[in-house]
Amino acid sequence: MTGDYLYWERVPTRWKDNDVYGHVNNVVHYSLMDTVINEWMIRTAGFDPVRSDAVALCVESHCVYKAEVSFPDTIDVGLRVGRLGRSSVRWEVGMRRGDGTLIAEGHFVHVFVGRDSRRPVEITGTVRSEMEKLVIA
């Protein structure tokens, strides 16, 4: 349920997000998941995607749509960590309209790999300690 998400970010929809059917297109939901997750890692956990020795690669994503949303609605994007492994993290994301209606739930799995080797590396330091704060019980 949307009350279980430990971090929230409000995102305005844009005119170009609507498709020919008059609602926000499904690819926008995936883009929002990716953006909110990476913005959280950069701003909250101090992850530097440009200079870090490790990069976070998406190896799996999934989204279930519950209701429509259209421009000019806002979307509240909730974030939590469903599973934190040695080198991977399963982000769980909930999206609701500004009126509180649940519009989508999904997940996004990142595997941290060496920038050059592309082999899995351990999630450490501030990135890991901040992720731990989002782990659901």
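Trainee: Which strand and which helix each supply at least two residues of the lining of the largest pocket?

Mentor: Good place to start, and keep in mind that this is a predicted model. The lining includes Glu 9, Val 11 and Pro 12, along with Val 28, Ser 31, Leu 32 and Thr 35. At least two lining residues come from each of strand 1 (7-12) and helix 1 (26-43).

Trainee: How many residues does helix 1, which gives the most, add to that lining?

Mentor: The pocket itself holds about 180 Å³ of space. By class, its lining has three charged, three polar and six nonpolar residues. Helix 1 gives the most to this lining, and its share is four residues.

Trainee: What distance separates the end C-alpha atoms of helix 1, and what span should its 18 residues have?

Mentor: Happy to check that one. The rise is 1.5 Å a residue, so the 18 residues of helix 1 should span 26 Å. The end C-alpha atoms agree with this, lying apart by 26 Å.

Trainee: Which elements are included in what covers the buried residues of helix 1?

Mentor: The buried residues are Val 28, His 29, Leu 32, Met 33, Val 36, Ile 37, Trp 40 and Met 41. Their cover includes strand 1, strand 2 (54-65), strand 3 (74-84), strand 4, strand 5 and helix 2 (125-132).

Trainee: Is Asp 99 buried or exposed?

Mentor: Asp 99 sits in the loop between strand 4 (88-97) and strand 5 (102-114). Its side chain makes a polar contact with the side chain of Thr 101, at 2.9 Å. The relative accessible area of Asp 99 is 58%, and exposed means over 50%, so Asp 99 is exposed.

Terms used
Residues are numbered from 1 along each chain as its sequence is written. This is a predicted model: local features need pLDDT of at least 70, side-chain atom pairs count only at pLDDT 80 or more; totals for chains, interfaces and linings use all residues. Side-chain values use heavy atoms; hydrogens and water are left out. On a 1 Å grid over the protein atoms alone, a cavity is a set of points where a 1.4 Å probe fits but cannot get out, and a pocket is an open set with protein on both sides within 12 Å along at least five of seven lines; lining residues have an atom within 4 Å of a point. Grid points are joined across faces, edges and corners, and a volume is the space filled by probe spheres set on the points. Ala, Val, Leu, Ile, Met, Phe, Trp, Tyr, Cys and Pro count as nonpolar, Asp, Glu, Lys and Arg as charged, and the others, Gly among them, as polar. Buried means under 20% relative accessible area, exposed over 50%, partly exposed in between (1.4 Å probe, protein chains only). A polar contact is a pair of N or O atoms within 3.5 Å; within protein, one must be able to donate a hydrogen and the other to accept it, and residues adjacent in sequence count only if both atoms are side-chain atoms. The expected span of a helix is 1.5 Å times one less than its number of residues. Contact means heavy atoms within 4.5 Å.
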